[in-house]
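Biologist: I would like to learn how to read a model of this kind, one feature at a time. Could you take me through it slowly?

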Amino acid sequence: MPTLRILTNTQIPAAERANLMAHASRTVADLLGKPEAYVMVILEDGRDLLFAGTASPAAYLELKSIGLAELRTTHYSQVLCDLLVASLDIPAERIYIEFAAPPRHLFGWNGGTF
């Protein structure tokens, strides 16, 4: 159930969206050691987002996963920032990432919970 939400004020051309999402999906699966078949990526571009008082390119990410290794969040942050720097040219210092490890009973799937 790993879920990565990418919210950004940059506009991503339609031709590049699928590649970015696929790359993000593979990256999350590799980072967390989970099958990509369970990874969800949500991309919200062109959003109203002001960071540090400017509307320069910026992003807010949420990475949620049952069993998220809290001791690895620094590594996850580096990899996800590198992904956005390379893919969207958003400087790492203009990216916030929220990590969450919901309990199994608070994440639903397939008519039940994990």
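**Reading the helix pair, the core and the loops**

Modeller: Let us begin with two helices that meet, keeping in mind that this is a predicted model. Leu20, His23, Ala24, Thr27, Leu31 and Leu32 in H1 are in contact with His75, Tyr76, Val79, Leu80, Leu83, Ser87 and Leu88 in H2. Sorted by class, the contact of H1 with H2 has nine nonpolar residues, four polar ones and no charged residues.

Biologist: At what angle do the axes of H1 and H2 cross?

Modeller: The axes of helix H1, residues 14–32, and helix H2, residues 73–88, come within 11 Å and cross at roughly 165 degrees. Angles over 145 degrees count as roughly antiparallel, and therefore H1 is described as roughly antiparallel to H2. The crossing in which H1 passes H2 is right-handed.

Biologist: Which residues have the most contacts inside the largest nonpolar core?

Modeller: The general idea is that, in soluble globular proteins, nonpolar side chains tend to be buried together. Here the largest nonpolar core has 25 residues, and Leu4, Leu61, Leu63 and Ile95 are those with the most contacts inside it. At least two residues of this core come from each of strand E1 (3–8), H1, E2, E3, H2 and strand E4 (95–100). If residues up to four places away in sequence are not counted, Leu4 touches Ala24, Val28, Met40, Val41, Ile42, Leu61, Glu62, Leu63 and Leu80.

Biologist: How should I read backbone angles, and which value does phi take at Ala52?

Modeller: As a general guide, most residues other than glycine have a negative phi. In this model, phi of Ala52 is near 55 degrees, a positive value in a residue that is not glycine. Ala52 lies in the loop between strand E2 (40–44) and strand E3 (59–64), and with a relative accessible area of 69% Ala52 is exposed. Asn110, which is not a glycine either, has a positive phi of about 55 degrees. Asn110 is placed in the loop between strand E5 (108–109) and strand E6 (112–113), and Asn110 counts as exposed at 66% relative accessibility.

Biologist: Is Glu70 buried or exposed?

Modeller: The cut-off for exposed is over 50% relative accessible area, so Glu70, at 63% relative accessibility, counts as exposed. Glu70 belongs to the loop between E3 and H2. Separation along the chain and separation in space can be read side by side: Glu70 and Pro2 are 68 residues apart along the chain, and their C-alpha atoms are separated by 14 Å.

How values were computed: Residues are numbered from 1 along each chain as its sequence is written. This is a predicted model: local features need pLDDT of at least 70, side-chain atom pairs count only at pLDDT 80 or more; totals for chains, interfaces and linings use all residues. Side-chain values use heavy atoms; hydrogens and water are left out. Axes are lines fitted to C-alpha atoms, for helices over the stretch in contact, and angles run from 0 to 180 degrees between N-to-C directions. Helices (H or I, at least four residues) and strands (E, at least two) are DSSP runs, numbered from the N terminus. Angles under 35 degrees count as roughly parallel, over 145 as roughly antiparallel, 65 to 115 as roughly perpendicular and the rest as oblique. A crossing is left-handed if the near helix is turned anticlockwise from the far one by less than a right angle, and right-handed if clockwise. Contact means heavy atoms within 4.5 Å. Ala, Val, Leu, Ile, Met, Phe, Trp, Tyr, Cys and Pro count as nonpolar, Asp, Glu, Lys and Arg as charged, and the others, Gly among them, as polar. Buried means under 20% relative accessible area, exposed over 50%, partly exposed in between (1.4 Å probe, protein chains only). A nonpolar core is a set of buried Ala, Val, Leu, Ile, Met, Phe, Trp, Tyr and Cys residues joined through side-chain atoms within 4.5 Å.
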